[in-house]
Structure formats: C-alpha cells, structure tokens
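Trainee: Please pick one part of this structure and take me through it closely. Add whatever surroundings I need to find my way.

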Amino acid sequence: MTNNIDLIRKSPSLYHLFETHVAADPERVVIEQALIGSSPRSWRCFTLKEISDQVAKLRAFLESQNIKNLSRCAICSNTCPEWLVADMSILSLGAATVSIYTTLPIQDIYYILSDANVTVAIVENQVLVDQFLKIHEGFEGTDKKWYPAY
C-alpha cells in the first residue's frame, strides 16, 4: 500500500500515473463492459495497453486541432470506456477536462462552454452532436469545434 501511495505522490500528473501503470502491466484488464443484447451476457475487456493506444490516437488528433497545455476541452458523454480515453487524451496534453452531463438543457451547456472557454467538445452520439451544432451557432466567428466520440 505504501508503494502505491508513494507512486501517487511522486507522479507529476494523473496521466503520468496512468502511463506508469501501462508500462508496468500493459495486459492488465482494467475495464469490462457488458455487451448489450448478448445472451448469455458477453463482456468486452479493455487492457491498459488498448486504452493507452486509443489515448495516443486521440491525443494526436487533439494536437492537430491545436489543443495544448491549459486548453479546455469538454466531454459530454455517459460513463463509458471512451470517456476514459477522452479524459486521458486531454490530460496528456496538459489541458483541462470540462465534464458536461448529457441531460443538461441546451442553455446550461451553452453557459458552461462559454464560461469555461471550451475550444473542443467530444460528445457521445449524433443526438448530442446535433445539439452541440445548435449551440455552435452562438459562437460564430470562433475556433470552437465539437467532435463525436462514437
């Protein structure tokens, strides 16, 4: 237990701690997701390496969109493995994650995006993409971008 606490205290960031675990045990299963509609119930397992590889791909994309240290990126999604990937990708760049509940009214989402000066939003599905595109109209003349995560 003390070793884990020391590791946490010495890690400069949550992303660094994540990568330390990936290096130590890349094949460790960290997420098990039930596959809906499977009978008997089946599970999709995600290893640290799989998550890390997905983080690297999304990180490269976010970098291409000029996301960097101190940028603010929103995630609007239910809890799912892709949420973790998006969060770690954002944190790996030194940017901040702005979490937005999928059930918030459009006016509240607009306020959060505006107040936090979010430049990129990663959203869960087409319904949310459409909602964010409506919000985007209020940001005319800016460099804000909304991306589906599915």
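Mentor: Helices here are DSSP runs of H or I with at least four residues, strands are runs of E with at least two, and both are numbered from the N terminus. By that count the chain has 6 helices and 6 strands. Keep in mind that this is a predicted model. From start to end, the elements follow the pattern α-α-β-β-α-β-α-β-α-β-α-β. The chain has 150 residues, and 34% of them count as buried. Take the contacts in the chain with a separation of 6 or more: 62% of them are between residues 24 or more positions apart.

The part to look at closely is helix α4, residues 81-92. Begin with its length. The helix has 12 residues, and at 1.5 Å a residue they should span 16 Å. The expected span is 1.5 Å times one less than the number of residues, so the multiplication uses one less than the full count. The end C-alpha atoms of α4 are 17 Å apart, which agrees with the expected span.

Next, which residues of α4 are buried? They are Pro81, Val85, Ala86, Asp87, Met88, Ser89, Ile90 and Ser92. The word has a cut-off: a residue is buried when its relative accessible area is under 20%. After the helix comes Gly94, whose phi is positive, near 80°.

Now go to the other end. Between β3 (72-76) and α4 there is a loop, and Ser77 lies in it. Ser77 has 15% relative accessibility and therefore counts as buried. Leaving out residues up to four places away in sequence, Ser77 touches Trp83, Ile100, Thr102 and Glu124. One of these, Trp83, has a number that falls within the 81-92 range of α4.

How do α4 and α2 (residues 14-24) lie relative to each other? Their axes come within 8 Å and cross at roughly 115°. That makes α2 roughly perpendicular to α4, because angles of 65 to 115 degrees count as roughly perpendicular. The crossing in which α2 passes α4 is left-handed. On the α2 side, Leu14, Tyr15 and Phe18 take part; on the α4 side, they meet Met88, Leu91 and Ser92. Met88 and Ser92 are also among the buried residues of α4.

Phe18 leads on to another helix. Ser52, found in helix α3 (residues 48-64), touches Phe18, Glu19 and Val22, again not counting residues up to four places away in sequence. With Glu19 there is also a polar contact, made side chain to side chain at 3.1 Å. Ser52 counts as buried because its relative accessibility is 11%. Phe18 therefore appears twice in this account: in α2 where that helix meets α4, and among the residues touched by Ser52.

For comparison, look at helix α6 (residues 126-136), which holds His136 and Asp130. Asp130 is partly exposed, with a relative accessible area of 39%, and its side chain makes a polar contact with that of Gln126 at 2.8 Å. His136 counts as partly exposed because its relative accessibility is 22%, and the lower limit for that class is 20%. Its C-alpha atom is separated by 9.7 Å from that of Leu113, and the two residues are 23 apart along the chain.

Notes
Residues numbered from 1 in each chain as written. Predicted model: local features only at pLDDT ≥ 70, side-chain atom pairs only at ≥ 80, totals over all residues. Heavy atoms only, no water. Buried < 20%, exposed > 50% of the residue type's maximum accessible area, 1.4 Å probe, protein only. Polar contact = N/O pair within 3.5 Å; in protein donor to acceptor, adjacent residues only side chain to side chain. Contact = heavy atoms within 4.5 Å. Axes fitted to C-alpha atoms, helices over the stretch in contact; angles between N-to-C directions. Parallel < 35°, antiparallel > 145°, perpendicular 65-115°, else oblique. Left-handed = near helix turned anticlockwise from the far one by under 90°.
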